[in-house]
Amino acid sequence: MNGAIEQRAMNLLSMAARGRRIVSGAFMAEDALKRKQGTFLLLAQDASEETKTKFIRMAAQLKVPMAELLTMQQLGHCLGKEYRAVAVLIDRGFADRLSAYLQDIPTGVD
C-alpha cells in the first residue's frame, strides 16, 4: 500500500474513532461481529497468527469484508490507544469509504 493511501486510511480511522464508529480490541471486536454490528474488520499486519486466523475465519463466516492494514502501533495510534491488533468499523459509511481507499477508487471528496 502506498503512503498516501495509508495516510488517508489512518485519517479515516481517526475520524471513526472520534465519532465512536469503530471498536477495537479482540473482545470488543468479536462481540461486535457476533452481534452483526461489524461492517469492516481491520487486522494489524503484525498481529499474531492465532489472532489473524480466528478473525479471518469469523469474518468469512459472517461475510464481513476485512483487510490487513497498518501495524499494531499505527492502528492503536489512530484509535487513541497504545497498541491494537484488531478493530471493527460499525458504520457502513466509514466502511464503504475505507473500501474505496483500499481499492484506490476516487471518492470525489478527497
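Helix α2 has an outer side where Phe 27 and Lys 34 are exposed. This is a predicted model, and α2 is a good place to enter it.

Turn the helix over. α2 spans residues 26-34, and its buried residues are Ala 29, Glu 30, Ala 32 and Leu 33. Seen down the helix axis, these buried residues fall within an arc of 160 degrees, so they line one face of α2. A general rule helps here. An α-helix has 3.6 residues a turn, so residues three or four places apart point the same way.

What lies over that face? The cover on the buried residues of α2 includes β1 (22-24), β2, α3 (49-62) and β4. Past the helix comes Lys 36, with a positive phi near 60 degrees.

Now move to the largest nonpolar core, which has 22 residues. Leu 13, Ile 22, Leu 42, Leu 89 and Leu 98 touch the most other members. At least two residues of this core come from each of α1 (3-18), β2 (40-43), α4 (72-78), β4 (86-89) and α5 (92-102). α1 gives the largest share, five residues. Apart from this core lies another, of twelve residues. Ala 29, Ala 32, Leu 33 and Phe 55 are among its members.

Ile 22 deserves a closer look. Which residues is Ile 22 in contact with, leaving aside its neighbours within four places in sequence? On the helical stretch before it, they include Leu 13, Ala 16 and Ala 17. Leu 42 and Leu 79 are also in contact with Ile 22. Ala 87, Val 88, Leu 89 and Ile 90 complete the list. In soluble globular proteins, nonpolar side chains tend to be buried together.

Notes: Residues are numbered from 1 along each chain as its sequence is written. This is a predicted model: local features need pLDDT of at least 70, side-chain atom pairs count only at pLDDT 80 or more; totals for chains, interfaces and linings use all residues. Side-chain values use heavy atoms; hydrogens and water are left out. A nonpolar core is a set of buried Ala, Val, Leu, Ile, Met, Phe, Trp, Tyr and Cys residues joined through side-chain atoms within 4.5 Å. Buried means under 20% relative accessible area, exposed over 50%, partly exposed in between (1.4 Å probe, protein chains only). Helices (H or I, at least four residues) and strands (E, at least two) are DSSP runs, numbered from the N terminus. Contact means heavy atoms within 4.5 Å. The arc is that of the directions from the helix axis to the C-beta atoms.
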